[in-house]
Amino acid sequence: MAAPSAEQQNGQSDESDLQSPISTNYEDSETESGEGALPDYVVELIEKEIGVDLKSLKKVSALLEKLTAENKLLEEQVLTVSSSVPLRVSAALSAAEESRVSLEGLLQRERVLSNTLIQHLQGAQPWADSLGRTLEQLDNTEKHMKYLQCLSRIEELRQDWVVDRTGDDLISEKPTSVSRVGLPPTTPLSLPVQIMLLPLSKRFRYHFTGNRQTNSLNKPEWFLTQVLMWMGNSSNFMEEKIQPILDRNGANVNAKVELCRGLLTLAQEKLALDAPRLLYDDALFCHLVDEILQFERELRTTHSYPSTLPGVLHVLLEEVVLQKWLTVERKMAIEKVDAMLSAEGAWSSQYKDISDMDELKAPDCAETFMTLLLVITDRYRALPCPRAQLRFLALQRELVDDFRIRLTQVMKEESRNPLGARYCAILNAANYISTVLGDWGDNVFFLQLQQSAVALGEEELLGPLGVTESGRLASLEGSLFEGLLGLLERLRGDMLGRLLEAVMRDVQKKAQPYCRDRWLSLPSQCDQATMSLSSLACPLMLCLRDHLLQLQQMLCLPLFQTGWQDLAERLDLFLYQNVILYNHFNEGGAAQLQFDMTRNLFPLFGHYCKRPENFFKHVKEACVILCLNVGSALLLRDVLRQAEEDEDPTSALNELGVYRLAPCDVLILLNLRASWPGK
């Protein structure tokens, strides 16, 4: 057999080489697997890549390189993955841990929130139960209210049917319109109060409408008293039962006030219908006004009805009613003035025997008149309209002026006897009225009316005022009674002047002998054992004393104070002119004059002041000059003569106590001295 060629040997070698690993692998695989067959995927790979033809074994080398490269690539990928996987796993584990902690926190907060919500629900359960009961009560109340409204409507229809059949059209069961009663509209009533008012309203209309005996025009106090009684009797019930219901429902109202407001509607409707029917009967109208005012006072005081809510006084503000009220007030006031002036004790004071209470010595007519004005003020003070109050103030001013004219007429009748008791009583009356009006000008109520008058421009009351006068009234410097006070002051001044003139006539008559005394030849003071009042001065002093006592008893204290001061000044001038300047005086005459004045005349007025000589300055200073010793008199005369040229003698005269007399008057007095050297 021939030997194989080298190529065949190489091919066999290569083939053996190829078969060797395969065999080896096959054997290893067979050994490892314990089976004699290759795995299916290996067989499939060989068949796919090499095939079963032995001529294709040349592809084994390329397959080996390919598999080696893939193996290397896989190793690199395994190494890369093996190095990065721990980091990713660690991050994933960390994120998972954080998620677990966050989830636990969320679960914990959810459990706390759930517990809190459960507690709130448990606490709110009573409120929910109470709200349910309240809603159920409201439903029941609404049903009852609708039922009562149906009954009320049925009652209204029945009343209308009765009115149509009986022809009684004087009283309407429907509410009076708001404008009808007017309301020196409102919010609706709460539901519980409306329910309470239904039976009361029914009873009110039953008793005080139609032809029933309780519906009497001359007895308005019957229905007004009934309304007040319902207010009083229902007060505790409203506070204890109804007020809690209103509070629970959030109604910010006072149950008692609400009931009063509802009951007032009944009274307002009734008064608005009755008032126009009484305009032609003065007595019944006055009675109605008095009852309305009394009702308003009890409403505000006893039942504490708020002043911000209207009462029943608006009924009196209707123009027709208000004008009637003013007319009646004027008529009744004039009738009372006529009666009081013609009364027997009109000009005597009821406190004449009580000295502590009779300081103003006002006669009964003046005191009664001012009381009448005060009563009028009390009646219109509560009116809620300043313009209406100012109309009453104008009436009062008219009445005061009328009374002043009456005083003037009576004064003229008594002017022949100005020292009589009636004349002095008239003077006291004028002073009393002036004093009271002055006090009223400072009263808060009249000051408020004064501002209202300026703001409203009441020319009828204030007259045509300029800017200055309006400013004075607006700043409260003036008074609404200024004009009347001026007229009364003029009357008082004229009467007091006439009275003092009458006194002075009597005094002057008694002083005539004293004026003609022998002042030039009276003995000197050293020639008399004691000084005494001049005999000729006794009638003067007695007359003056009697008149002072008479004036003190008949005039009020302010008038007497003014009177004796004016009398002293008049007497001072009279004595200075008719005694001193009319005569010459020797030393004895000057001393006697000074004794009569300082020890007798001045003390007569010392009962009324501490230093009466200050009211007799002419006489006092003249006595000082006349009684100077000769040397001082000569020196003073020289000073006064030189003063006519260049010097002012005021200081020299002041040193002697002479302040009133002028230097020329002092020279005249010095020339009246008879005791000069060489005379």
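**Exercise 1.** In this predicted model, state which residues are linked with R100 in a network of salt bridges.

Solution. The network consists of E97, R100 and E104, linked by salt bridges. A search of the whole structure returns 22 salt bridges.

**Exercise 2.** Determine which parts of the chain the salt bridge between D282 and K331 ties together, and classify both residues by accessibility.

Solution.
Step 1. In the D282–K331 salt bridge, the closest N and O atoms are 3.0 Å apart.
Step 2. D282 belongs to helix α8 (residues 282-301) and K331 to helix α9 (residues 319-341), so the salt bridge ties together parts 49 residues apart in sequence.
Step 3. D282 has 25% relative accessibility and therefore counts as partly exposed. K331 is partly exposed as well, at 42%.

**Exercise 3.** Decide whether E296 is buried or exposed, and locate E296 and R300 in the helices.

Solution.
Step 1. The two side chains form a salt bridge, with an N to O distance of 2.8 Å.
Step 2. Both E296 and R300 sit in helix α8, separated by 4 residues, or about one turn of the helix.
Step 3. Buried means under 20% relative accessible area. E296, at 6%, is therefore buried, while R300, at 24%, counts as partly exposed.

**Exercise 4.** Check the R422–E414 pair against the salt-bridge cut-off.

Solution.
Step 1. The cut-off is within 4 Å, nitrogen to carboxyl oxygen.
Step 2. The N to O distance for R422 and E414 is 3.9 Å, and the pair counts as a salt bridge.
Step 3. R422 has a relative accessible area of 39%, which is partly exposed.

Note on methods. Residues are numbered from 1 along each chain as its sequence is written. This is a predicted model: local features need pLDDT of at least 70, side-chain atom pairs count only at pLDDT 80 or more; totals for chains, interfaces and linings use all residues. Side-chain values use heavy atoms; hydrogens and water are left out. Helices (H or I, at least four residues) and strands (E, at least two) are DSSP runs, numbered from the N terminus. Buried means under 20% relative accessible area, exposed over 50%, partly exposed in between (1.4 Å probe, protein chains only).
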